[in-house]
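Open the model in your viewer and keep the sequence panel beside it. The tour goes from one selection to the next.

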Amino acid sequence: MKTCPSLLYFFLIFAVRVKSDPDPLQDYCIAETRNPQTIFLNGAPCINPINAAPSHFTTSALSKPGNTAANPLGFNVTLTNIRNLPGMNTLGLTMARVDIAGNGLVPPHTHPRASEVTILIKGSLLVGFVDTTNRLFTQQLREGDSFVFPKGLIHFLYNLDSKASALTISGLSSQNPGAQLASSATFTTKPSIPDDILKKAFQINGQDVSRIRKNLGG
C-alpha cells in the first residue's frame, strides 16, 4: 500500500508542531477557581473575559522564602498555579522559586511535560542533567548565570556552599510540568515495586531495598 505524499507531509508537520500544552484560543483565560471543578480538562474553565482585572495577572507567591527545613534534603519549591496566578491558565508556562539550604540538594528528578530554564539569583550551585545516552552535563553557576534542563531529562541542583543558602527562579514550558523524583518513584511507590525487580535492577540485596525504602519514607 502506497502512502499519499500529501498525507505524510501533514503528519510530519503535525508531529513537529505538537507541544505539551495546546495553544490558547483567546487572548487569555482567567481560571475559574471559586467553584469545585466537575469537568476535568487541560487547564481550567475561564471566567467571563469582561471580569478580567490586572490582579489576575499578578502574584506575590514567589516573593517569600520557602522552608528548606521541611525535608531532609534542604530545599523548597514554590510554584505559581491557577490559584495564586489565575491569569496563567492555558498560557503553557509555570514559574518556580527554589530555595536551597547550605549543602542542600534538589535531587535527581524529571519534569515529564516541560523544559526548564533557571537563573541563579543568590549563592553558588552545581547543576546538571543526564541525556538518554547517559552523558552527564554539569555546570557550576554563579549569581546571574542561567542553565537549561531539557524536557523529560533527569536533572539536579546542589548548593556547593555549606553555610549560605541559594535561590533560583525557574521558568517551565507547561502549565502543569509535573515532577517525579527518581528515588521516590522507584522505592516509595504504592503498591511497592517487587523487591526482586529492584534487587536485579540496582544489583543490591533485600536488606538494601528495605533500608533505602525506610530512608525515603516508603
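Select H109 and H155: the bridge partner of H109 in β8 is H155. The model is predicted, so local features need pLDDT of at least 70 and side-chain atom pairs count only at pLDDT 80 or more, while totals for chains, interfaces and linings use all residues. Residues are numbered from 1 along each chain as its sequence is written, and side-chain values use heavy atoms, with hydrogens and water left out.

Now extend the selection to strand β3 (residues 105-110) and strand β8 (residues 154-159), which run antiparallel and are joined by three bridges. Strands here are DSSP runs of E with at least two residues, numbered from the N terminus, and two strands pair if DSSP finds at least two bridges between them.

Add strand β5 (residues 125-130), which pairs with β8 in the antiparallel sense over six bridges. Two places to click are V127, whose bridge partner in β8 is L157, and L126, whose bridge partner in β8 is Y158.

Show the rest of this sheet. It is open, has five strands in the order β6-β5-β8-β3-β10, and its pairing is antiparallel. At the edges are β6 (136-141) and β10 (180-181), each of which pairs on one side only.

Next, go to the other order to trace, β1-β2-β9-β4-β7: an open sheet of five strands with antiparallel pairing. Its edge strands, β1 (75-79) and β7 (146-149), each have a single partner strand, so one side of each is left without a neighbour in the sheet. On average, neighbouring strands of this sheet are turned by 25° against each other, direction ignored; the axes are lines fitted to C-alpha atoms, and angles run from 0 to 180 degrees between N-to-C directions.

Within this sheet, select strand β4 (residues 116-122) with β7: they pair in the antiparallel sense over four bridges. T118 has F147 as its bridge partner in β7.

Switch on side chains for I100, V106, L125, V127, F147, F149 and L157. Of the 14 residues in the largest nonpolar core, these touch the most other members. Such a core is a set of buried Ala, Val, Leu, Ile, Met, Phe, Trp, Tyr and Cys residues joined through side-chain atoms within 4.5 Å, where buried means under 20% relative accessible area (1.4 Å probe, protein chains only). The elements giving two or more residues to this core are β2 (94-100), β5 and β7; β5 gives the most, with three residues.

Which residues is L125 in contact with, leaving aside its neighbours within four places in sequence? Among them are I100, L120, L141, L157, Y158, A166 and T168, contact meaning heavy atoms within 4.5 Å.

How values were computed:
Buried means under 20% relative accessible area, exposed over 50%, partly exposed in between (1.4 Å probe, protein chains only).
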